[in-house]
Amino acid sequence: MARVTAGISCSHVPAIGAAIDLGKVREPYWAPLFAGFEFSKQWIAANTPDVVFLVYNDHATAFSLDVIPTFAIGCAPEFAPADEGWGARPVPMVRGAPELAAHIAENVIQADFDLTIVNRMDVDHGLTVPLSLMFGQPKSWPCLVIPFAVNVVQYPPPSGNRCYQLGKAIRRAIDGFDQDLKVQVWGTGGMSHQLQGPRAGLINKEFDSKFMDGMVNDPEALTRIPREQYLREAGSEGIELVMWLIMRGALEGPVREVHRFYHVPASNTAVGHLILEPAT
Amino acid sequence: MMGSKSYGDIPGTTVFDAEQSRKGYHLNMFCMSLMKAPNRERFKADERAYLDEWAMTPEQKQAVLARDYNRMIALGGNIYFLAKIFATDGRSFQYAAALMTGMNQEDYARMMLNGGRAYEPVGSDKPKPKEGV
């Protein structure tokens with residue numbers, strides 16, 4: 001049977017992708033950030049999953065204001081890196097896992113989470129930057145990827161609690177899939193940041209630190225954070241953090257913290273990263 | 001209006017909700033069109049003429065021509081859509097963020113290197129004073 005072997009959380013700042021693509025990772029500005037992912041690259045080389053269920057948000061790339069799905073699951077065999085306005089990132093094609101994705105969609109919808117099914121979609125930096133941070137620059141990605149897009153662009157996004165419960169439903173669906181697959185669930189975005197208006201540049205280390213603690217020890221407490229508290233304390237774009245709770249829901253129960261990294265800044269953003277494994 | 005909403009008191013922040021989205025639909029869809037290289041070329045060749053192809057308000061068009069991002073946001077723009085404009089101009093997110101704060105880019109970048117803008121509680125998120133204090 002398929003099983004969830006680990007959860008990873010990771011910010012997905014576009015400038016990180018540009019730094020990798022333009023060979024700037026050793027520059028003084030970027031070196032401390034990439035140093036925080038050295039352990040992660042080694043760890044994932046030894047723990048490569050068959051499939052990554054990758055929770056991210058689309059940034060006005062595949063979805064405009066014409067269609068705004070709250071939760072969208074990518075069921076296609078492949079997904080092309082998107083041209084976001086400055087040409088597509090020079091990264092490999094993302095190969096999907098259509099059978100597992102369809103199985104998860106069917107089961108999760110029957111568990112009352114009304115997903116949108118997407119059979120054609122380009123994927124933007126929200127999805128490809130975490131892959132680059134974890135896998136570097138391979139000729140092809142070493143695993144299949146199920147893109148799972150969450151609306152955090154138009155308010156209100158789904159609540160943290162809804163995301164957490166959805167994660168649990170995704171976990172049950174994966175557990176019930178009749179193929180021997182190692183699946184990791186990644187929750188991307190965050191941490192505190194604000195990209196708009198006179199308050200742009202907001203960073204709240206205290207909020208971020210407590211959030212990472214909660215991801216490890218008390219995710220139920222995090223599910224009670226109201227949307228407005230994210231806006232106020234983690235910045236208007238910090239509300240992306242609800243996506244981490246899908247990952248945490250999919251791990252259920254106690255976890256072991258394998259790795260934690262936090263760094264300010266990447267462009268306008270606080271970068272947070274966790275690797276969690278089921279404690280049992 | 002943002003002022004009548006419970007999140008209307010967050011300083012320097014416009015929440016992109018259904019009302020803003022409705023107001024900014026054509027502005028944001030114009031931005032979206034700049035993801036295609038031929039459209040970027042046409043826009044750069046004659047910004048005014050390109051904008052006139054869209055059902056935007058005169059205020060929205062003027063804000064785009066002036067690259068007044070705070071104004072565009074007030075008129076319904078969303079930052080991820082507006083990003084297509086500054087990408088077309090060859091500018092970064094950090095450039096646009098600095099512009100919106102009124103800081104020059106160097107000072108803004110230094111603020112970020114020093115840990116970013118500190119969070120200051122306002123309005124309803126201010127800690128309640130304890131009784132008898």
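Here are some short exercises with worked solutions on the two-chain model above.

Before you start: this is a predicted model, where local features need pLDDT of at least 70, side-chain atom pairs count only at pLDDT 80 or more, and totals for chains, interfaces and linings use all residues. Residues are numbered from 1 along each chain as its sequence is written, chains are lettered from A and ligands numbered from 1 in the order in which they are written, and side-chain values use heavy atoms, with hydrogens and water left out.

**Exercise 1. Work out how much chain B and chain A touch and bury.**

Step 1. Start with contacts (heavy atoms within 4.5 Å). On chain B, 46 residues touch 41 residues of chain A.

Step 2. Now take buried area, the accessible area (1.4 Å probe) that two parts lose on being put together, summed over both. The two chains bury about 3800 Å² between them, with 59% of it on carbon and sulfur atoms.

Step 3. Look for the big contributors: B:Tyr80, B:Arg117 and B:Tyr119 supply 18% of the area that chain B buries against chain A, more than any other three residues.

**Exercise 2. Describe the largest pocket and its lining.**

Step 1. Get the terms straight. On a 1 Å grid over the protein atoms alone, a cavity is a set of points where a 1.4 Å probe fits but cannot get out, while a pocket is an open set with protein on both sides within 12 Å along at least five of seven lines; lining residues have an atom within 4 Å of a point. Grid points are joined across faces, edges and corners, and a volume is the space filled by probe spheres set on the points.

Step 2. The largest pocket comes out at about 770 Å³. Its lining takes in 37 residues, and A:Pro14, A:Ala15, A:Ala18, A:Trp86 and B:Ser92 lie nearest its centre.

Step 3. Helices (H or I, at least four residues) and strands (E, at least two) are DSSP runs, numbered from the N terminus. Two or more lining residues each come from α1 (14-21) of chain A and from α7 (79-88) and α8 (93-101) of chain B. The most come from α1(A), with six residues.

Step 4. Sort by class: Ala, Val, Leu, Ile, Met, Phe, Trp, Tyr, Cys and Pro count as nonpolar, Asp, Glu, Lys and Arg as charged, and the others, Gly among them, as polar. That gives 18 nonpolar, 13 polar and six charged residues for this lining.

**Exercise 3. Find the cavities and say what lines them.**

Step 1. There are three cavities of 30 Å³ or more.

Step 2. The largest holds about 230 Å³ of space. Of its 21 lining residues, A:Val153, A:Ser236, A:Glu237, B:Phe16 and B:Asn78 lie nearest the centre. The classes are eleven nonpolar, eight polar and two charged.

Step 3. The second largest has a volume of about 140 Å³. It has 15 lining residues, with A:Asp58, A:Phe63, A:Ile68, A:Asn151 and A:Val153 nearest its centre. Here the split is eleven nonpolar, three polar and one charged.

**Exercise 4. Hunt down the backbone oddities in chain A.**

Step 1. A:Tyr155 and A:Pro156 are joined by a cis peptide bond, omega about 0 degrees. A:Pro156 sits in the loop between β7 (144-150) and α6 (160-175).

Step 2. Another cis bond joins A:Val264 and A:Pro265, with omega about -5 degrees; A:Pro265 is in strand β9 (residues 255-266).

Step 3. A:Ala60 isn't a glycine, yet has a positive phi of about 55 degrees. Look for A:Ala60 in the loop between β2 (51-56) and β3 (71-74).
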